[in-house]
There are 4 protein chains.
Amino acid sequence: MMSLREKKIAKKKQDILRSAATVLAEKGFQGTTMEEVAANLLMTKGSMYYYFKNKDDLLFQCHQMVMDLSLEKIEQVVNSDKDPIKKLEQAVESHILLATSEKSMFLMMDQPNQNFSGEHLEEALQQRKDYAHHFDDILQEGIEKGVFDETIDIRMVRFIILGALNWTLQWYSEDGPQTAEEIANSYAKHLLKMVVKDQ
Amino acid sequence: MMSLREKKIAKKKQDILRSAATVLAEKGFQGTTMEEVAANLLMTKGSMYYYFKNKDDLLFQCHQMVMDLSLEKIEQVVNSDKDPIKKLEQAVESHILLATSEKSMFLMMDQPNQNFSGEHLEEALQQRKDYAHHFDDILQEGIEKGVFDETIDIRMVRFIILGALNWTLQWYSEDGPQTAEEIANSYAKHLLKMVVKDQ
Amino acid sequence: MMSLREKKIAKKKQDILRSAATVLAEKGFQGTTMEEVAANLLMTKGSMYYYFKNKDDLLFQCHQMVMDLSLEKIEQVVNSDKDPIKKLEQAVESHILLATSEKSMFLMMDQPNQNFSGEHLEEALQQRKDYAHHFDDILQEGIEKGVFDETIDIRMVRFIILGALNWTLQWYSEDGPQTAEEIANSYAKHLLKMVVKDQ
Amino acid sequence: MMSLREKKIAKKKQDILRSAATVLAEKGFQGTTMEEVAANLLMTKGSMYYYFKNKDDLLFQCHQMVMDLSLEKIEQVVNSDKDPIKKLEQAVESHILLATSEKSMFLMMDQPNQNFSGEHLEEALQQRKDYAHHFDDILQEGIEKGVFDETIDIRMVRFIILGALNWTLQWYSEDGPQTAEEIANSYAKHLLKMVVKDQ
DNA sequence: TATGAATGAGCATTCATTCAT
DNA sequence: TATGAATGAATGCTCATTCAT
């Protein structure tokens, strides 16, 4: 169990991470200075280093937070007892709802190749792979159960879906003509059409 | 008409742009130094400033070069007298073939919001819009001619397609299991399934 | 008289000083952080400031501790009723035995000019002078009593002796081929040969 | 052969090194900022990095310059055809004359253990060893030729001599009562008395 | 007494940009 | 045209010091 102090420090870290993600998303990793991140939190640059070893560490922990959320969501979906169509629908919708509600957090994770290096890079890439493969599992299950078109190329379809989902960050705006829910539904509908078997 | 001297300069600029794009794609705009770009060309940092006003200018002209290529390609397709299915197929395939063959050039264009500002940003965004709307045109034509499902949401579908296409840069590798052509075909096949009317 | 509480504090200070000297000797004054000194004592940085006004003060008190020890030793020798040859011998030997047994403490005192300033510097330099002049006294006595060569230049000889003695810190190691005692004897023998009158 | 440009750059480097040595000697490596070194040369901090990779590099090259000078001198002496007494005399004198005339350069080399690390440290220590062993050679030769007392401990005597020589930096001042030459003579005379055989 | 947290001044280093040649 | 040299503003990071608890 966490002591009170550990809880407090964890809470503070979370605050910093959220705030950092906003700035990082807007200006990119290299374009963001520690000063900016700190200023956004009414902190001083130096204080940031009490909580994070360095800038890389800050980015990595941001990445972690988003990844943990994302993986948790999709694992819920994959491990449910819904049918594959419902699962894919929900995976797509849940990704969009999460990504749009935490837009800055997701944006910040873009291009890990440029921003991470060494072990951090490896770990980040592995987590992305893990996330991606959950879609493979759903697609595979759908084919086996005869609800998805058995002629689809699972890898390609997975790339198409993930590409479509990630792209939402580039254009989605809260003030846009459609709510996040509407977008989520629409995406699910169109993407499903790509894989369900014609009856 | 261009004088010989102007042609020579233009040629040199092209060389620089290509080389710069490679470096920029790998390390990102902010992560790339003028020195690296220059070194890659066996030039000195200082010399770059003979051809480009500054680093922003270099990036922008890189962006232009790719955009010109891309727009030319898609306009050829849109303005042809093929049927909408063929047009969409070709637009998708031509995008993938261009993007994979000039991967670094395309990668470098990512996230204009972070790298451009002021007029450059506006112009870059406008060109992206122009490119995107060509897909709208194809989709619209397909619906009007009764070959595309009239219940699709053109905007959403366009986003899905563009997202899928741009995402290829994140995973495509020359050494991958599929050639660019195979990927292009596969993408076209799957994406078309999303829009063509069931007969 | 010291109260029990004062004694406890004094004891703690001693502990800190010894520990600090070790770290300071290894990395130099500027190269050592308060954090390192504290960590070595299983303390926190902040706590150090209960015992010492600041980093300078810490160094100065370290210096004091060593100086007090050194001066006490040499004064014992000078004030004894031995003959000058015996005195010089013992002064040399006692310096080496003390310096080698408290190597880190002595090393840390190097280059007061770089590490002290203001009053601290003056005081440190004065103490060094005091220490040095005890050797002058022995040499003078030796000449007067006719056992030391009256043609020697006392100042020069003192410099040679002190230089030789201080240099031991640069090379002495507990694992070396000679024990501290052997070194002390050897130094005394050679240095004496420099000053005793040929009979 | 060096081109004119290479010569110019080498000259500039020399200027920087000399100036840097002065500041480094006064404040120590860690206590000296690049800004101070630069200011002393009417340069900007940034320009220093055109000539030196970093602060470590600057220190190391300073060290090299002094070492090269010192080694050259002592090798001249050792390789001459003088008798051992004359050789030791000259080695001592030449060290003192060099060290006093380039006091800051020599001071700056103090305590390589604290200022160098890795390969630089190894190389610096090796050069010091090389320098030291030239004294061993002279002593050895003297014993073999029967002019030095065969009961001396060469290693100890070498330590005493080097210690005495290096210590001059701590007290020598141009305004002192004795000129460098007088000091050199005096040192040589006293130190020789320690090793020459009584006839 | 002790310490967790915060701070701010300082520093090494990088890099786009300039300019004389 | 090309470049060597210089610059200065920016930036990540460190660390002595403070202080409320």
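Which polar backbone atom is 2.9 Å from a phosphate oxygen of DNA strand F? It belongs to Lys55(C). Bear in mind that this is a predicted model. The notes below go through the two DNA strands, then the pairing of chains C and D, then helix H5 in chains A and C.

**DNA strand F**

- The protein puts 29 residues around DNA strand F, and the closest are Ser47(B), Tyr51(B), Ser47(D), Tyr50(D) and Tyr51(D).
- Most of what the protein meets here is backbone: sugar or phosphate makes up 78% of the strand F atoms within 4 Å of the protein, and bases make up the rest.
- Besides Lys55(C), a backbone N or O atom of Lys55(A) sits 2.9 Å from a phosphate oxygen of DNA strand F.
- Met34(C) joins in as well, with a polar backbone atom 2.8 Å from a phosphate oxygen of this strand.
- Helix H1 (4-27) and H3 of chain B, H1 (4-27) and H3 of chain D, and H3 of chains A and C each supply at least two residues of the surface near DNA strand F.
- Sorted by class, that surface has nine nonpolar, twelve polar and eight charged residues.

**DNA strand E**

- Around DNA strand E there are 31 residues, with Ser47(A), Tyr50(A), Tyr51(A), Ser47(C) and Tyr51(C) the closest.
- Of the strand E atoms that come within 4 Å of the protein, 78% are accounted for by sugar and phosphate.
- Two side chains of chain A reach phosphate oxygens of strand E: a polar atom of Tyr50(A) lies 2.4 Å from one, and a polar atom of Lys12(A) lies 3.0 Å from one.
- Lys45(D) goes for a base instead, with a polar side-chain atom 3.2 Å from a base oxygen of DNA strand E.
- The elements giving two or more residues to this surface are helix H1 (4-27) and helix H3 (45-51) in chains A and C, plus helix H3 (45-51) in chains B and D.
- H3(A) gives the most, with five residues.
- The class count for the surface near DNA strand E is ten nonpolar, twelve polar and nine charged residues.

**Chains C and D**

- Chain C superposes on chain D through a rotation of 179° with 0.0 Å of shift along the axis, at an RMSD of 0.1 Å.
- That makes the relation one of a two-fold axis.
- Both copies use the same surface, since 100% of the contact residues of chain C recur in chain D.

**Helix H5 in chain A**

- H5(A) has 18 residues and reaches 25 Å from its first C-alpha to its last, close to the 26 Å expected at 1.5 Å a residue.
- Its buried residues include Pro84(A), Leu88(A), Val92(A), His95(A), Ile96(A) and Ala99(A).
- The buried residues of H5(A) pack against helices H4 (55-78), H6 (103-107), H8 (118-144), H9 (154-171) and H10 (180-195) of chain A.
- Ala99(A) is found in this helix, and its relative accessible area of 0% counts as buried because the cut-off is under 20%.
- Leaving out residues up to four places away in sequence, Ala99(A) touches Phe106(A) and Leu169(A).
- Leu169(A) is 70 residues from Ala99(A) along the chain, yet their C-alpha atoms are separated by 7.2 Å.

**His95 in chain C**

- His95(C) lies in helix H5 (residues 84-101) of chain C.
- This histidine counts as buried because its relative accessibility is 6%.
- Neighbours within four places in sequence aside, His95(C) is in contact with Phe106(C), Tyr131(C), Leu165(C) and Asn166(C).

Terms used. Residues are numbered from 1 along each chain as its sequence is written. Chains are lettered from A and ligands numbered from 1 in the order in which they are written. This is a predicted model: local features need pLDDT of at least 70, side-chain atom pairs count only at pLDDT 80 or more; totals for chains, interfaces and linings use all residues. Side-chain values use heavy atoms; hydrogens and water are left out. Helices (H or I, at least four residues) and strands (E, at least two) are DSSP runs, numbered from the N terminus. Buried means under 20% relative accessible area, exposed over 50%, partly exposed in between (1.4 Å probe, protein chains only). Contact means heavy atoms within 4.5 Å. Copies are superposed by least squares on the C-alpha atoms of residues with pLDDT of at least 70 in both. A residue is near a molecule or strand if one of its heavy atoms lies within 4 Å of it. A polar contact is a pair of N or O atoms within 3.5 Å; within protein, one must be able to donate a hydrogen and the other to accept it, and residues adjacent in sequence count only if both atoms are side-chain atoms. Ala, Val, Leu, Ile, Met, Phe, Trp, Tyr, Cys and Pro count as nonpolar, Asp, Glu, Lys and Arg as charged, and the others, Gly among them, as polar. The expected span of a helix is 1.5 Å times one less than its number of residues.
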